[in-house]
Every structure is written in C-alpha cells, then in structure tokens.
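Please walk through the model below, beginning at one loop residue and widening the view from there to the sheet and the whole chain.

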Amino acid sequence: MWEKLAQLKKKYLSLLEKVENQEELESLRIEILGRKGVLTSLLKGIKDLPPELKPEVGKQANQFKALITSLLSKKQEELKSKKEHSFDYTLPAFPIYKGKLHPLTRVTKEILDIFQHLGFQVFTGPEIETDHYNFQSLNFPPDHPARDVQDSFHLKGEYLLRTQTSPVQIRVMEKYPPPIRMISPGRCFRRDTPDATHLPMFHQIEGLAVDKNIRFTDLKGVLGEFVHAFFGEEVKMRFTPSYFPFTEPSAEASISCIICAGKGCRTCSFTGWLEILGAGMVHPNVLKAVNYNPERYTGFAFGMGVERITMLKFGINDIRLLYENDIRFLRQI
Ligand code: DAH
C-alpha cells in the first residue's frame with residue numbers, strides 16, 4: 001500500500017506537469033479523483049487494511065488528495081491565464097474605418113476646386129437676406145410666385161432666408177468693379193415638404209463671370225470643362241432653353257446619363273439626359289441694379305444644386321439619406 005501510494009504520487013505529479021490544455025487536465029482529474037479514480041479506489045481500500053496501518057495510510061492518502069487537488073486547480077488557473085494572454089496571429093484584423101468628409105462637403109470642395117482652377121474666386125454671402133438682394137435686384141417681378149409666403153421662409157420685415165445663392169452675385173458686383181469671376185457655395189431655404197428630391201434646406205453653388213465680350217460660348221466652354229472634370233471626359237453636355245428672371249437668354253444644362261450612358265433608364269426617365277444646372281447670360285437689368293453699364297459689360301451666370309449633383313454622382317435615390325448621418329450609408333460613399 002505504501003508503495004502503491006508512492007508510485008501514484010510519482011506518476012501523477014509528473015503527468016500533471018505535462019498537461020497542456022483543459023481537456024487533458026479534466027481527464028487527468030477524473031483518472032485520479034473520479035468515482036472510479038485511482039486515488040478514490042485507494043481510499044476505499046483503506047477500510048480493508050489491518051487496523052494498525054489504517055491511521056498512517058489514511059493520513060498519507062488524504063495528504064496526497066489535498067496536494068493533488070490544489071495542484072489541479074493551480075494548473076487550471078495557469079491554463080486559463082495562458083489562454084487569455086495568448087494571441088492568434090493568423091486571425092483576420094478588424095477593419096479600420098477612417099473618418100472622412102461628408103459627401104456634400106466633398107462634392108462642394110471638388111466643384112469649387114475645378115472652378116478655382118478656371119480662375120474663379122470663392123465668395124460667400126449671408127443666409128438671411130433681404131427681399132432686395134434675393135429677388136428685386138435679380139429682376140424678379142413683384143408678383144413672382146417665389147416671393148409668396150407659401151414658397152419662402154419670411155422673417156420680420158423685409159428679411160427672409162435666402163431661397164438661392166444668386167444674391168451673392170449682387171453683393172460681389174456691388175463691391176467690386178468688373179471683371180468678375182466668382183463662385184459661391186451655400187445653404188438655401190424653401191418651404192418644401194421633404195420627399196425623395198426636396199428638403200426645406202439644401203445647398204447651391206452659384207457662378208458668375210462679367211467682363212467685356214463675355215458670350216454664351218464662354219458659358220458653354222466653362223461648363224463643359226466643369227462637366228468633364230467632375231463627371232468624366234466621356235460625358236456629353238447639352239443646353240436646352242429655360243427661363244430665369246435674372247438671365248436672358250436662360251438655359252438648362254444636362255449631361256448624358258451617367259447611369260446608362262445615354263441609353264435610357266429609370267434615373268434619366270428614359271430620356272438619356274440628366275439636368276444638372278440652370279444658367280444664362282446675365283440680364284441687363286441685373287447689371288443696371290449694381291451700376292454696371294450693360295452696354296460695356298456682359299456676363300454669364302449659373303447655379304447648381306449640390307445635393308442633386310451629389311445624388312447623381314453617387315447614385316443616391318433619396319436626398320434625405322444625405323442628412324440622416326447613418327454611418328452605414330456614409331461609409332459606402
Ligand atoms: N438660382 C436659380 C435657382 O435657384 C439657379 C440659377 C439658374 C442660378 C440660372 C443662376 C442662373 O445663376 O444663371 O433655381
């Protein structure tokens with residue numbers, strides 16, 4: 001019995017040393033301390049020993065049991081902390097998302113950049129405007145529907161939230177003599193019910209060039225440069241007649257549909273063309289309003305909606321997505 005106990009001790013202490021994981025440890029525990037474990041059966045056998053041996057063997061066996069129990073749990077702790085601190089270098093890394101600018105900010109910067117390269121200077125104007133700058137000086141007749149409280153956010157007295165960035169044209173021309181090459185981004189406000197293509201707050205970019213001998217071909221040339229730089233060399237541009245109070249003649253510029261390459265699809269309503277901006281030759285009344293001589297100077301102007309351009313560029317079908325700031329949406333763009 002002594003010998004058997006000594007052998008067990010030797011064998012299992014060295015086996016315990018070699019244990020490498022929880023499963024091995026558990027099966028070793030069962031082998032020693034389980035219901036049919038070696039130590040369990042040894043302890044059971046004590047009752048059959050001669051009475052004079054029982055106390056000493058019992059004591060030794062219980063000591064061994066206590067030792068092995070504490071060693072087993074020590075080993076268990078060891079394995080656990082090893083597991084916690086081990087690092088699997090073959091695991092794929094977590095994706096790292098870098099912060100980036102909002103699509104509207106990026107598109108605005110890109111557009112301004114293109115026009116700045118063409119010699120246009122950036123100006124900004126106030127979001128709270130007067131009727132004079134927002135409408136009157138831009139040749140809107142007094143009864144024009146846009147002046148209605150239904151269409152504009154009117155504030156106290158003559159003030160309103162600007163409905164367009166065109167008033168910045170007036171402010172720049174008032175301040176500087178010709179020649180002018182200016183571009184102006186900013187927020188605009190209209191009483192619109194939000195839907196897939198309208199929001200009561202949106203952004204426009206306004207452009208203006210005034211000089212001697214500015215002609216419609218200059219407008220076409222500048223906007224053609226912009227369209228090709230922004231949408232791609234292969235994209236075609238066309239002008240169709242339109243109407244704005246502050247330009248004469250007025251036009252709308254469209255590009256060949258960037259989704260279907262002009263073949264016709266849902267985005268372009270099966271026309272092959274996407275309208276991207278309004279433009280025209282500055283109306284003589286507008287030049288007169290800022291004391292420019294319309295006999296000496298002519299100009300072209302254009303205005304585009306930043307949300308619309310952004311939606312076309314990235315294939316976004318609902319303007320409201322641009323304002324929800326859902327990180328899953330923003331990450332895609
Ligand atoms: N302000 C116009 C609008 O809100 C856009 C526009 C059209 C601006 C033609 C212009 C222009 O400067 O020439 O619809």
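**From a loop to the whole fold**

Asn291 sits in the loop that runs between helix H9 (284-289) and strand E9 (298-305). The model is a predicted one, and in it the phi of Asn291 is near 60 degrees, a positive value in a residue other than glycine. With a relative accessibility of 73%, Asn291 counts as exposed, because the threshold for that class is over 50%.

A useful partner for comparison is Gly280, which is found in strand E8. Gly280 and Asn291 are 11 residues apart in sequence, while their C-alpha atoms are 20 Å apart in space. Where Asn291 is exposed, Gly280 has a relative accessibility of 0% and therefore counts as buried, the limit for burial being under 20%. Leaving aside residues up to four places away in sequence, Gly280 touches Leu219, Thr247, Pro249, Ser250, Ala251, Gly299, Phe300 and Ala301.

One of those contacts, Pro249, lies in strand E7 and brings a backbone feature with it, since the peptide bond that joins Glu248 and Pro249 is cis, with omega about -5 degrees. A cis peptide bond is also found from Pro178 to Pro179, where omega is near 0 degrees. Pro179 is placed in a loop, the one between helix H7 (167-175) and strand E4 (180-189), whereas Pro249 belongs to a strand.

Strand E7, which covers residues 247-256, pairs with strand E8, residues 273-282, in the antiparallel sense and over eight bridges. Within this pair, Ala253 stands opposite Leu277 in E8. The loop between E7 and E8 holds Ala261, a residue that has a positive phi of about 55 degrees although it is not a glycine. Ala261 has a relative accessibility of 60% and so counts as exposed.

Which order do the strands of the open sheet follow? Seven strands form the sheet, in the order E1-E4-E5-E9-E8-E7-E6, and their pairing is mixed. The edges are taken by strand E1 (121-122) and strand E6 (237-244), each of which pairs on one side only. The order thus recalls the elements already visited, for E8 stands between E9 and E7 in it.

Seen as a whole, the protein contains 12 helices and nine strands. Its radius of gyration is 41 Å, well over the 20 Å that the globule rule gives for 333 residues, so the protein is more spread out than a compact globule. Along the principal axes, the C-alpha trace spans about 130 × 50 × 35 Å. Of the 333 residues, 40% are buried, and among the contacts with a separation of 6 or more, 66% are made by residues 24 or more positions apart.

The surface and the charges complete the description. The accessible surface of the protein comes to about 19,600 Å², with 53% of this area belonging to carbon and sulfur atoms. The protein carries 45 positive and 40 negative side chains, and the centres of these two sets lie 8 Å apart.

Definitions and conventions:
Residues are numbered from 1 along each chain as its sequence is written. This is a predicted model: local features need pLDDT of at least 70, side-chain atom pairs count only at pLDDT 80 or more; totals for chains, interfaces and linings use all residues. Side-chain values use heavy atoms; hydrogens and water are left out. Helices (H or I, at least four residues) and strands (E, at least two) are DSSP runs, numbered from the N terminus. The radius of gyration is taken over C-alpha atoms; the globule rule is 2.2 Å times the number of residues to the power 0.38. Buried means under 20% relative accessible area, exposed over 50%, partly exposed in between (1.4 Å probe, protein chains only). Contact means heavy atoms within 4.5 Å. Accessible areas come from the Shrake-Rupley method with a 1.4 Å probe; for residues, only the protein chains shown count as cover. Lys and Arg count as positive and Asp and Glu as negative; His and the chain ends are not counted. The place of a charge is taken as NZ of Lys, CZ of Arg, CG of Asp or CD of Glu. Two strands pair if DSSP finds at least two bridges between them.
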